[in-house]
Amino acid sequence: MKRIALFLLTNLGVMLVLGLAVNLLGLNQFLTANGLSLTSLLGFALVMGFGGAFISLLISKPMAKWTTKLQLINGSPDPTHAWLVSTVERFANQAGVKMPEVGIYEGAPNAFATGAFKNSALVAVSTGLLTSLTREEVEAVIGHEVAHVANGDMVTMALIQGVMNTFVVFLSRVIGYFVDKVVLRNQNDGPGMGYYVTTIVMDVLLGVVAALIVAWFSRQREFRADAGAARLMGRKQPMMNALARLGGLDPGEMPKAMQSMGISARPSGLMALFSTHPPMEQRIERLKQAA
């Protein structure tokens, strides 16, 4: 419940910041007496679309630490902690990125990487992952997360989300204006009820389509991170073993902003189309077929 409330408050804060920005820039004046100003609307859509995506990206690391009650272990004398840190460091050096922060959080088997920049990232594993997998399998999972960092997946997914958000905001308002003025023949200077109702409906419908597209891109990044882990390990079998093991375990819940960078999820049925992760069987088969 605390995570949901925090997520809603964060989104509310983001929307308030973006609302203030478009007001100061005058980009909210796209509905004029002369009709719809597409230039102002595009500016409004870009600020709302990319603004939300990049604010979420910039605060992703501190939010992850806060919501998971993460314990940073860089420099910890504990032998398990030291092994985790040295594993991340080894893979980071191989991948050509700066050493990320490393953390542990209480929870069911899962792991994630986050951060706005690849050279100031965070890699975290759950206590459930450490107790459920062998060391070699945990190393493969860490390799997967470091591959996400090296591939710049956090920024890539923010860009894709920003593009989708922009299209949703822009098209929903163009369609709303068309319905209001052409279909319902509103002759008033300002927008009528048809504009507002249509815009809300199209925000929802186009938002669903956008979510499908973003989820598809995320699933492709997972395949790539699996292959990256295999390269860092020097062979495919540890990553395949880790995926097979995780496929039989309930993945731990993570904050929404971290889900696409996690290692495990369990999509099924129609919801698989909205999942950020492919089914484990597909991921294992893709690794088998990889050169």
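**Note on the predicted model: sheet, buried charges and cavity**

1. Strand β3 and strand β4 (residues 101-105) run antiparallel and are joined by two bridges, where two strands are taken to pair if DSSP finds at least two bridges between them. Helices (H or I, at least four residues) and strands (E, at least two) are DSSP runs, numbered from the N terminus. Within this pair, L72 stands opposite G103 in β4.

2. This is a predicted model, in which local features need pLDDT of at least 70 and side-chain atom pairs count only at pLDDT 80 or more, while totals for chains, interfaces and linings use all residues. Residues are numbered from 1 along each chain as its sequence is written, and side-chain values use heavy atoms, with hydrogens and water left out.

3. As for the overall make-up, the protein has ten helices and six strands, and 46% of its 291 residues count as buried. Here buried means under 20% relative accessible area, exposed means over 50%, and partly exposed lies in between (1.4 Å probe, protein chains only). Of the contacts (heavy atoms within 4.5 Å) with a separation of 6 or more, 68% are between residues 24 or more positions apart.

4. The strands β3-β4-β6-β5, in that order, form an open sheet with mixed pairing. Because β3 (71-72) and β5 stand at the edges and each has a single partner strand, one side of each is left without a neighbour in the sheet. The partner of β5 is strand β6 (residues 122-126), and the two pair in the antiparallel sense over four bridges, with A113 having V123 as its bridge partner in β6.

5. In a regular strand the side chains alternate between the two faces of the sheet. Strand β5 (residues 111-114) is covered on both faces, since A111 and A113 on one side and F112 and T114 on the other are all buried.

6. Two residues with charged side chains deserve a look, beginning with K61, which lies in helix α3 (residues 60-68). K61 counts as buried because its relative accessibility is 17%. Its side chain reaches the backbone oxygen of S120 at 2.8 Å; a polar contact is a pair of N or O atoms within 3.5 Å, where within protein one must be able to donate a hydrogen and the other to accept it, and residues adjacent in sequence count only if both atoms are side-chain atoms. Not counting residues up to four places away in sequence, K61 touches E101, T114, G115, S120, A121 and L122.

7. The second is R173, which has its place in helix α7 and is buried, with a relative accessible area of 14%. Leaving aside neighbours within four places in sequence, R173 is in contact with F30, L41, F44, Y195, T199 and D203. R173 and M202, 29 residues apart in sequence, are 8.2 Å apart in space, C-alpha to C-alpha.

8. Two loop residues other than glycine may be checked for their backbone angles. K69, in the loop between α3 and β3, has a positive phi of about 55° and is exposed, with a relative accessible area of 66%. R185, in the loop between α7 and α8 (193-233), has a positive phi near 55° and is exposed as well, with a relative accessible area of 63%.
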